[in-house]
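Let's go through a protein together and ask what the words people use for it rest on. Have a look at the picture, then follow the questions.

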Amino acid sequence: MHAWLCENPIGVDALIWKELPTPQPGKGQVLIRIQAASLNFPDLLIVQNKYQMKPELPFVPGSEYAGVIEAVGDGVTGLQAGQAVACLSGTGGFGTHTLAPAKLCMPLPPGFPPVDAAAFIMIYATSHHALLDRGQLKVGETVLVLGGAGGVGMSAIQIAKIAGARVIAAASTDDKCAFCRELGADETINYSTQDLRERLKELTGGKGPDVIYDPVGGDFTEPAFRSIAWRGRHLVVGFAAGDIPAVKINLALVKGASIVGVFWGDFARREPAANAAMMQELATWYAQGKIKPVIDRQMPMSELKDAYARMGSREVMGKLVLVNES
């Protein structure tokens, strides 16, 4: 097998494409031949030693991938060689093969292509858990999606519309705003050229959004939270802007609002039954055509560093997926 190996987490340039022995699955593991792997923001942080999870060195990055099981270890039930699966295990995806915990594998129904499957779990599970569980989104409420053209933003727009919400998507360019409207957003805000607070006042008649979906952080969190509606819920999803913002907590008091943390990974670990039911609903929505990841582009696995560069340039709309040749 071959894989991108991180021996020193000082950044993307230190990754090396290496030939490695193909491992055999241990107890509770499966060996997956990887067909596709998506690039997510945590995949950048983890090779910079900035992510909350610090894998033992050396490691293969790539949190989310899809492929075909080639072998199963002892104690594995419900999965077999030749079966198509998707997995989000945190590492291992940027290669030709990987070992994955069987309990983290999502069996794929017929007609679920590996490129879509590799771009599915992280963004849709995060947004479903955020909006419907943590945010308790209700029909007719207004959702502000920051970073609407990114992977999680894309999924948040789609799920909020399924829930019957009005969606205002914010993005950094006119092209990204147009992309958000194509996804189903009712209104958009270009926060590079428009004042976020003033535009939100215009679009909500001064009421503000009921739910704020915030995977961006940085300079956008405080003005968004200052605009929130009475009893609003600000969902802390991530910090793509880089800086973790500090918000004056008295704003929560005067708005009667909540700042709600969203950590889907720990939800899946702590509440596996609820997570399994959620994943089943998401798979059903995909089969019904209600949700579908938009693939910004497919790139060969060998061009991983170029994919990182594209993500870093903030040009991506939807998801970047790396593919292995058959």
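Q: What makes the link between aspartate 296 and arginine 310 a polar contact?
A: Their side chains come together at 2.8 Å. A polar contact is a pair of N or O atoms within 3.5 Å, where within protein one must be able to donate a hydrogen and the other to accept it, and residues adjacent in sequence count only if both atoms are side-chain atoms. So 2.8 Å fits inside the cut-off. One thing to know early: this is a predicted model, so local features need pLDDT of at least 70 and side-chain atom pairs count only at pLDDT 80 or more, while totals for chains, interfaces and linings use all residues. Residues are numbered from 1 along each chain as its sequence is written, and side-chain values use heavy atoms, with hydrogens and water left out.

Q: Why is aspartate 296 called buried?
A: Its relative accessibility is 19%. Buried means under 20% relative accessible area, exposed over 50%, and partly exposed in between (1.4 Å probe, protein chains only). Since 19% is under 20%, aspartate 296 counts as buried.

Q: Where does aspartate 296 sit, and what is it in contact with?
A: It's found in strand S14, residues 295–300. Helices (H or I, at least four residues) and strands (E, at least two) are DSSP runs, numbered from the N terminus. Contact means heavy atoms within 4.5 Å. Leaving aside neighbours within four places in sequence, aspartate 296 is in contact with Arg310, Glu315, Val316, Met317, Lys319 and Leu320.

Q: How do you know that strands S4 and S5 pair?
A: Two strands pair if DSSP finds at least two bridges between them. S4 (residues 64–72) and S5 are joined by 5 bridges and run antiparallel, so they pair. In one of those bridges, tyrosine 65 has cysteine 87 of S5 as its partner.

Q: What makes S5 and S7 a pair too?
A: They share 3 bridges, again in the antiparallel sense. Here cysteine 87 stands opposite cysteine 105 in S7. As for S5 itself (residues 84–88), 4 of its 5 residues are buried.

Q: How do you know that cysteine 6 has no disulfide?
A: A disulfide is a pair of cysteine sulfur atoms within 2.5 Å. The closest cysteine sulfur to that of cysteine 6 belongs to cysteine 87 and is 19 Å away, so it's too far for a bond. Cysteine 177 isn't in a disulfide either: the nearest cysteine sulfur, in cysteine 180, is 6.1 Å away. The structure holds 0 disulfides.

Q: Are cysteine 6 and cysteine 177 buried or exposed?
A: Cysteine 6 is buried, because its relative accessible area is 1%. Cysteine 177 is buried as well, at 3%.

Q: Why is H4 described as largely enclosed?
A: Because 9 of its 12 residues are buried. Among them are Gly151, Met154, Ile157 and Ile159.

Q: What is the reach of H4 set against?
A: The expected span of a helix is 1.5 Å times one less than its number of residues. H4 covers residues 151–162, and its 17 Å from first C-alpha to last is close to the 16 Å expected. Just after H4, glycine 164 takes a positive phi of about 85°.

Q: Why is asparagine 49 called partly exposed?
A: Its relative accessible area is 42%, which lies between the 20% and 50% limits, so partly exposed is the right label. Asparagine 49 lies in the loop between H1 and S4, and has a positive phi of about 60° although it's not a glycine. Proline 58 has its place in that loop between H1 and S4 as well, and a cis peptide bond joins it to leucine 57, with omega about -10°.

Q: What makes arginine 231 exposed?
A: A relative accessibility of 61%, so it counts as exposed. Arginine 231 is in the loop between H7 and S12, and its phi is near 65°, a positive value in a residue other than glycine.

Q: Why does proline 215 count as buried?
A: Because its relative accessible area is 9%. Proline 215 lies in the loop between S11 and H7, and touches residues including Leu146, Val152 and Phe239.
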